[in-house]
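Work through the exercises below with the sequence and the model at hand. Each task is followed by a solution in steps.

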Amino acid sequence: MTWKQRLSSAIPVILLTILTIPVIVGYLWIIISTFSTRTYGLVPVDREGKIGGLTLRNWAFLWEDKNIWNVTLNTFLLAVLLTVGVLVISAMAGYALSRISFPGRKAFLGGTLILHAFPSVTLLIAIYFILRQIGKIPVIGKGLPVIGGFGYDTIGGVAMVMVALQLPLGVWLMKGFFDGVSWDMERAALIDGCSRLRVWWEIMLPSIRPGIAALAIFTFIGGWGAYLIPYTFITDQERSTISAYLQSLQGDTAPVNYSNIAAVGIYQLIPVLIFFIFTQEYLLSIFSGGTKGGT
Amino acid sequence: MKVKLEDLSKHFGSVVAVDGVNLDVQDGEFVALLGPSGCGKTTTLLMIAGIYKPTQGEIRFDERVVNHLPPKNRNIGMVFQSYALYPHMTVFENLTFPMRLQKVPRPKMKERAESVAHMLGIGELLDRKPGQLSGGQQQRVALGRALAKEPDILLFDEPLSNLDARLRLSMRGEIKRLQLDLGITSIYVTHDQVEAMTMADRIAVLNGGVLEAFCPPDELYDEPRTLFIANFVGNPPMNLWETEVLQENGTYHARNKDLDVVVPPERGQKAAGRGQVLVGVRPEDISVSDQGAAGEVYIVEPLGRDDLVNVNVGRVNVNVLADPELGLKIGDPVHLQFNAHKVQFFDPATQQSLLWAA
């Protein structure tokens with residue numbers, strides 16, 4: 001390689017490095033600050049401003065605040081409910097939209113796309129009233145075990161709202177994956193003796209496994225990090241989620257301990273990171289939108 | 001099992017895919033549905049399979065009308081062009097899937113799958129997934145899956161189109177032999193006239209959703225009922241040119257400004273006195289000779305056993321199959337002899353044969 005070639009291959013690397021430095025520095029700061037009393041730039045310092053002052057105080061919420069485990073469990077429950085709900089409905093609706101011709105199919109597809117573009121913030125007040133109404137229904141409203149119910153101030157209610165908001169994306173995605181499965185395979189299964197439901201379950205779903213996995217991961221991560229809707233519709237600390245817990249640390253009156261917030265943030269990030277390492281292969285297939293091979 | 005189609009039509013919106021087809025398939029018969037793409041042959045097949053519901057007409061298995069019978073209750077085996085194997089199942093699971101749905105007892109299922117696999121030479125592939133097989137092997141598995149369920153009717157939808165030429169040739173023979181041995185009524189869709197000619201007992205030619213002919217291969221070749229069949233069946237295709245048939249001193253001549261062919265009276269008289277007609281002669285019925293119509297070689301395509309020689313006789317252009325040893329070259333002057341006993345005549349307006357009117 002000549003100097004010129006080396007230089008031309010080095011330039012993109014240098015450029016990209018410069019562009020990513022702010023992000024990398026940000027993450028570095030978060031990690032360092034969780035173990036420091038205070039920081040001066042990226043340098044941990046103690047109260048007098050001298051270098052040092054390393055501490056585990058910021059992580060103390062893990063053993064001092066019992067509510068954190070509650071909140072973690074709630075977040076997990078919410079993410080699982082969201083994932084299951086979105087998957088089941090999207091897989092069925094996507095199949096119907098891909099394979100069955102029924103009146104209003106085109107309008108439905110167009111409608112879901114518009115719904116997806118609708119900012120959920122604008123719906124908050126309306127949803128609030130609906131959840132209040134549901135909350136008045138006995139048992140279903142607020143009396144169910146584990147999820148609490150489907151009304152206001154319950155995990156089930158928040159999950160239901162989030163499922164509804166996630167569905168347009170999920171349905172379109174599933175439809176795309178089903179579109180990629182050959183008609184011949186479905187016909188073969190019908191001739192071999194399947195009912196329509198059985199074709200869906202035994203032939204179609206296994207053929208789009210990568211798509212289902214991708215949507216599941218995508219939705220789970222979305223549910224795990226969700227903030228706006230859980231924060232708006234759950235008031236009870238006992239039932240809130242990690243994101244809402246994070247928000248509660250930034251009180252209006254007391255001085256904010258940013259190192260503590262950073263620690264909780266990393267705590268929230270760890271499961272997602274682990275999850276991502278094992279599933280990134282599937283997650284990437286969401287963008288390829290096909291089921292090549294499928295084995 | 002006999003299959004009978006009565007006045008069968010299928011409309012997709014305003015498009016008429018199949019238009020009033022009548023077809024009577026005998027028990028154990030091998031029938032090919034032949035036609036160019038978009039002629040409605042696959043639509044017909046899918047109606048027989050029960051995937052599409054006919055817009056009009058009836059489908060009968062033996063004497064029973066099956067129009068509203070769902071596919072799973074028709075006991076049909078079908079082989080697709082794309083094989084349509086289930087990618088997430090092993091070969092064994094693919095073969096046994098239809099039987100599993102029929103709730104065939106396990107030992108019997110295994111026995112049947114193994115015997116079919118053995119018959120098709122895929123016995124050692126049972127544990128593999130379709131993705132690990134070659135096209136030819138996948139094709140055999142697809143055939144095996146259709147056979148293992150012991151169907152009353154076998155349907156083929158261009159099953160050999162995705163195979164390479166050599167494999168296609170050997171599979172053609174194998175399917176034909178298998179069908180003869182098992183005696184299962186078979187309907188085979190293809191756009192390849194060679195496939196249809198070599199395999200089928202009878203060929204149904206479809207064009208634009210209409211059944212043009214339903215007869216044995218020889219008859220289709222020697223007595224084409226319509227201009228479409230004359231054009232479509234035979235490779236290289238039949239030579240056709242406009243001419244007038246005249247009677248002179250007891251002999252019949254198919255004559256135009258450039259070419260004069262003496263034709264036998266039993267054929268000539270049916271075309272005589274009709275003004276302009278289309279005359280058809282197959283390339284193998286024309287030979288290069290010392291005498292006869294004079295022309296000039298326009299192009300030579302060596303086919304190995306023969307040369308396909310394109311000759312201009314005045315403004316008439318004909319293909320001739322010639323012996324390669326003649327060593328014909330572009331621009332050579334040649335004389336052509338016509339084997340007029342096999343000459344065909346068509347009415348240019350109705351496109352129907354003047355000899356074999358239905």
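**Exercise 1.** Determine in which hand α3(A) passes α6(A), and describe the packing of the two helices.

Solution. The model is a predicted one.
- Locate the helices: α3 of chain A covers residues 67-99, and α6 of chain A covers residues 155-179.
- Take the hand: the crossing of α3(A) with α6(A) is right-handed.
- Take the geometry: the angle between α3(A) and α6(A) is about 40°, and their axes lie 6 Å apart.
- Sort the residues of this contact by class: 20 are nonpolar, 7 polar and 3 charged.

**Exercise 2.** Find how many residues the largest nonpolar core has, and which residues have the most contacts inside it.

Solution.
- Count the members: the largest nonpolar core has 153 residues.
- Rank them by contacts inside the core: A32(B), L155(B), Y188(B) and A204(B) have the most.
- Ask which helix of chain A gives the most to this core: α6, with 13 residues.
- Follow one of the top-ranked residues, L155(B). Once neighbours within four places in sequence are set aside, L155(B) touches L45(B), I48(B), A49(B), I76(B), M78(B) and I187(B). The cut-off for such a contact is 7 Å between C-beta atoms placed from the backbone.

**Exercise 3.** Describe the contact between chain A and chain B from the side of chain B.

Solution.
- Count both sides: chain B supplies 18 residues and chain A supplies 16 residues.
- Assign the chain B residues to elements: β6 (76-79) and α2 (91-101) of chain B are those that give two or more residues.
- Pick the largest share: α2(B) provides it, with 3 residues.
- Classify this side of chain B: 12 residues are nonpolar, 4 polar and 2 charged.

**Exercise 4.** Summarise chain B: its elements, domains, dimensions and burial.

Solution.
- Count the elements: chain B has 9 helices and 20 strands.
- Divide the chain: the domain assignment gives domain 1 as 3-232 and domain 2 as 239-346.
- Separate the domains: the C-alpha centres of domain 1 and domain 2 of chain B are 39 Å apart.
- Box the chain: along the principal axes, the C-alpha atoms of chain B fill roughly 80 × 45 × 35 Å.
- Take the burial: 43% of the 358 residues in chain B are buried.
- Check the sequence range of contacts: of those in chain B between residues at least 6 apart in sequence, 65% join residues at least 24 apart.

Terms used. Residues are numbered from 1 along each chain as its sequence is written. Chains are lettered from A and ligands numbered from 1 in the order in which they are written. This is a predicted model: local features need pLDDT of at least 70, side-chain atom pairs count only at pLDDT 80 or more; totals for chains, interfaces and linings use all residues. A nonpolar core is a set of buried Ala, Val, Leu, Ile, Met, Phe, Trp, Tyr and Cys residues joined through C-beta atoms within 7 Å. A residue is buried if 20 or more other C-beta atoms lie within 10 Å of its own, exposed if 12 or fewer, and partly exposed in between; C-beta atoms are placed from the backbone. Helices (H or I, at least four residues) and strands (E, at least two) are DSSP runs, numbered from the N terminus. Two residues are in contact if their C-beta atoms, placed from the backbone, lie within 7 Å. Axes are lines fitted to C-alpha atoms, for helices over the stretch in contact, and angles run from 0 to 180 degrees between N-to-C directions. A crossing is left-handed if the near helix is turned anticlockwise from the far one by less than a right angle, and right-handed if clockwise. Ala, Val, Leu, Ile, Met, Phe, Trp, Tyr, Cys and Pro count as nonpolar, Asp, Glu, Lys and Arg as charged, and the others, Gly among them, as polar. Domain bounds come from an automatic or database domain assignment.
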